[in-house]
Amino acid sequence: MDSTLYCVNRSIVSGLLLLVLFITRVSSFSTSELGSLQSLYASTDGDNWNWTVGDVHWYFTGDPNPCIEKWYGIACGIGCTEVTSPTCTVTTLTLSQFHLVGTLPVELSQLSSLTMLDLNNNKLAGTIPSS
């Protein structure tokens, strides 16, 4: 086998492997945390939240990563906006005056790294679920 051809093929394989690792890293976000956000959205009438121009809306199709995509009202652990971060977790939810209506879902307690929750001036009933 020609050594030049072998080197080219090896380079292509290495490049494809790096691409797969890059795609995996970008789309890695805890399914339980994503489920928690989706439950919050559904139980508080998310389709009618008070979005403004420029807000990055929440969506749950495909393989979303709220940290990488900088969804409105969500802050994540240090480094989570970088592709190289091994684990991204939600640390802050700030949805004050956002027209949330309903109750907070029990799944909210699955946001295990959540340290700040600001839901002031909404129409919410019930209690904040505990972990």
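From the N terminus on, the protein chain runs α-α-α-β-β-β-β-β. That comes to three helices and five strands. The model is predicted. An open sheet of three strands takes in β1, β2 and β4.

**Chain-wide totals**
- The protein chain has 131 residues, and 31% of them count as buried.
- About 8,000 Å² of the protein chain is exposed.
- Carbon and sulfur atoms supply 58% of that exposed area.
- Take the contacts between residues at least 6 apart in sequence: 48% of these join residues at least 24 apart.

**The open sheet**
- The strand order is β1-β2-β4, and the pairing is mixed.
- β1 and β4 are the edge strands. Each of them pairs on one side only.
- β1 covers residues 74-76, and β4 covers residues 116-118.
- From one strand to the next, the twist averages 20°.

**The β2–β4 pairing**
- Strand β2 spans residues 90-94.
- β2 and β4 pair in the parallel sense. Three bridges make up this pairing.
- One residue pair to look up is T92 and M116: M116, in β4, is the bridge partner of T92.

**Where to look in the model**
- For the element order, start at the N terminus with the α-α-α part, then follow the five β elements.
- For the sheet, begin at edge strand β1 (74-76), pass through β2, and end at edge strand β4 (116-118).

Note on methods:
Residues numbered from 1 in each chain as written. Predicted model: local features only at pLDDT ≥ 70, side-chain atom pairs only at ≥ 80, totals over all residues. Heavy atoms only, no water. Helix = DSSP H or I, 4+ residues; strand = E, 2+ residues; numbered from the N terminus. Buried < 20%, exposed > 50% of the residue type's maximum accessible area, 1.4 Å probe, protein only. Contact = heavy atoms within 4.5 Å. Areas by Shrake-Rupley, 256 points an atom, 1.4 Å probe, with all protein chains shown as cover. Pairing = 2+ DSSP bridges. Axes fitted to C-alpha atoms, helices over the stretch in contact; angles between N-to-C directions.
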